[in-house]
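I opened this notebook page to record what I looked up in the structure, entry by entry.

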There are 2 protein chains.
Amino acid sequence: MTSAHDRERRERAIATARRFAQGAAVVPVADRLRALADAAESPLPDLYGEGGDLDGLEREVAQVLGKPAAVFMPSGTMAQQCALRVWADRTSRDAVAVHALSHLVVHEEDALEVLHRIRLEPIAREHRPLTVEDLVTAPGPYAALCVELPLRDAGYLLPSWEDLVDLCAAARDQDIPVHLDGARLWESQPFYDRGLAEIADLADTVYVSFYKGLGGIAGAALAGPQDVIDAARHWQHRHGGTLFGQYPYVVAARRGLERLEDFQAYAVRARELAVALGAVPGLRVHPQPPHTNAFVLYAEAEAEALTEAALTHAERSHDWVIGRVGAADVPGWSTTEFTVGPATMEWSVSELVEAVTAIVSSCERPRSE
Amino acid sequence: MTSAHDRERRERAIATARRFAQGAAVVPVADRLRALADAAESPLPDLYGEGGDLDGLEREVAQVLGKPAAVFMPSGTMAQQCALRVWADRTSRDAVAVHALSHLVVHEEDALEVLHRIRLEPIAREHRPLTVEDLVTAPGPYAALCVELPLRDAGYLLPSWEDLVDLCAAARDQDIPVHLDGARLWESQPFYDRGLAEIADLADTVYVSFYKGLGGIAGAALAGPQDVIDAARHWQHRHGGTLFGQYPYVVAARRGLERLEDFQAYAVRARELAVALGAVPGLRVHPQPPHTNAFVLYAEAEAEALTEAALTHAERSHDWVIGRVGAADVPGWSTTEFTVGPATMEWSVSELVEAVTAIVSSCERPRSE
């Protein structure tokens, strides 16, 4: 089976799916654009990062996060480089303290180092959040401490509130600016059961994303002190991120911000699902309980077989239940992420467990060696 | 009058304008998004630079420009840095030969130098296009020669076909890759009266824009050899330009590509307008005749007075005729760009000349010293 054929089959299954078990249902592009047309407030478009609904979005984000200023950016990869470059320039330091599993280290092709000559220095490598000990025992000094909430590649893990407070306080004691990689900050808020502004107040700058739980098309925001945000806008421009018009993204982001209250219910449902799925023989869940609306599901099935089973299930039932599958460390086991969103809430827990169980059961058992 | 008040007045005048004399009429955001919904082909969105209508757009651009491959990028600033970085890496050279008035030098906050450590070396500073003499007498060697078609800040100037061929051939003789800054390549095509692929064939890589004459929302494409485009995609990713979804830009860009035939009529109209406006006392046009659909208009009026007169005219007549006005070098004269587009074609030449003349006449004459 060719890769192009795989992709085509997968796309057809998604396009013809009637129900989605994770995140938000995939809506046809035309319907999506019509919904945005209905939601647009300003008749005038924004222009090179100013005007239209963009100014209002930036004000809303700043307010929600309790920061003096915010700037919309096309992507988090750009937003974080801009923020960390400003901190590096201000501190005259060239290394940022991060977790080795953070997005900056794993998924950005060394952009910060290659474009900005800022080293990412991992101060922890284990599958657990950063701790205050990681920071105080690290060589330093750092241009910034970057804390990813949650640490996605470790299984969407969050530090406890006390640990997070201690970590950020230790950084400030060393005059190290704290930057939050809040790609899933909205998703983290229920775990702390504190306001977003109270969480953001632990940090100097915060990046948030509009296209994950908030269901936007793309885009991010960086919030922080006015002078830092002003400086970040110049880096955004240099990156080629000051776009002529961004209103589709802006309108979608503003709609997303209306959903902030929903993450509490998603987190509850994720915990319920984790209990139920974890009780099925041949399935394991990490972390147990999940910290956010997402967790990692391990299944005793070869990755290729599970991929095929999930696709066949989608083609037959028109229910899209399981996304990307990879091989787990343990031979014969595979791993996939499960993210609770509005589409998930259309299912009962038992319906969902039944669907996942049916898919996994339909896989061939791994051959014994 | 405060700057915020100025901006608000200007925005209100644009929002309530019934006719536009330049470019495309400003359409309310909601109407724009609805039109895109009608134009979308793929029901599935693109995802991180793949799938949906994006693949088709990239194929179309490559085909129109006669290049093996093309990649969509959110902006030209990004597209050109990615292209020039690839050429610098391949040639192991760190300077790009450019005109001192090119967009790269004037409008990008030294991004190529700051982010990529590639120097922009101006090989000409006069208000005329680059020539083969500029290149052969320059020190070199260069990672690339960048030719902006047309040279906007010199008045949208194009070199003759023969001069362009000679310049590009000289670069190739020196093993210098040629990159076309084709931000207005579509607009340049009628001047040469040759196919876009024949023009693009003079260069190794070509950047084109979707939001100027083509009327898109934002975005650009870079076309060239497959391996160069593949490498450029990695730089796009590092810049933070591999966005989760780009379909609003993509659908708008594809609609824009249906308009390529229209630029011939815009160029003709620009020449007609230039003749008529140039005959009005107190007005001058540069270049005469215009090379593209755009030219620079000089008026014997203070910039502030002309700005106010244009705004007052728009408020009273609901015709938006003159855009940004600046001070000319000559005291008492001001300068503004005039760009012919679909909205312009709704006016007769005499109607337009009448409107411009009325606006300029309503300005106070500059005080004699």
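The entries below concern a predicted model, and they go from the chain contact to a single residue.

**Entry 1, extent of the contact.** I first asked how many residues each chain brings to the contact, and I found 54 residues from chain B and 54 residues from chain A. I then looked up the area buried between chain B and chain A, which comes to about 4,700 Å², with carbon and sulfur atoms giving 60% of that area.

**Entry 2, polar and charged pairs.** How many salt bridges are there between chain B and chain A? I noted a count of 8, and I looked at one of the pairs, A:E109 with B:R238, where the closest N and O atoms are 3.9 Å apart; since the cut-off for a salt bridge is 4 Å, this pair therefore falls within it. For polar contacts across the interface of chain B and chain A, I recorded 31 residue pairs, both residues of each being at pLDDT 80 or more.

**Entry 3, the side of chain B that touches chain A.** I listed the helices of chain B that each supply at least two residues to this side, and these are α1 (3–15), α2 (29–39), α4 (76–91), α6 (111–116), α11 (226–239) and α12 (247–257). Helix α2(B) gives the most, with 8 residues. Sorted by class, this side of chain B has 29 nonpolar, 13 polar and 12 charged residues.

**Entry 4, one residue.** I turned to B:A15, which lies in helix α1 of chain B, and asked whether B:A15 is buried, partly exposed or exposed. With a relative accessible area of 42%, B:A15 is partly exposed. Between B:A15 and B:A30, which are 15 residues apart in sequence, I noted a C-alpha to C-alpha distance of 13 Å.

How values were computed. Residues numbered from 1 in each chain as written. Chains lettered and ligands numbered in written order. Predicted model: local features only at pLDDT ≥ 70, side-chain atom pairs only at ≥ 80, totals over all residues. Heavy atoms only, no water. Contact = heavy atoms within 4.5 Å. Buried area = accessible area lost by both parts, 1.4 Å probe. Salt bridge = Lys/Arg side-chain N within 4 Å of Asp/Glu carboxyl O. Polar contact = N/O pair within 3.5 Å; in protein donor to acceptor, adjacent residues only side chain to side chain. Helix = DSSP H or I, 4+ residues; strand = E, 2+ residues; numbered from the N terminus. Nonpolar A, V, L, I, M, F, W, Y, C, P; charged D, E, K, R; others polar. Buried < 20%, exposed > 50% of the residue type's maximum accessible area, 1.4 Å probe, protein only.
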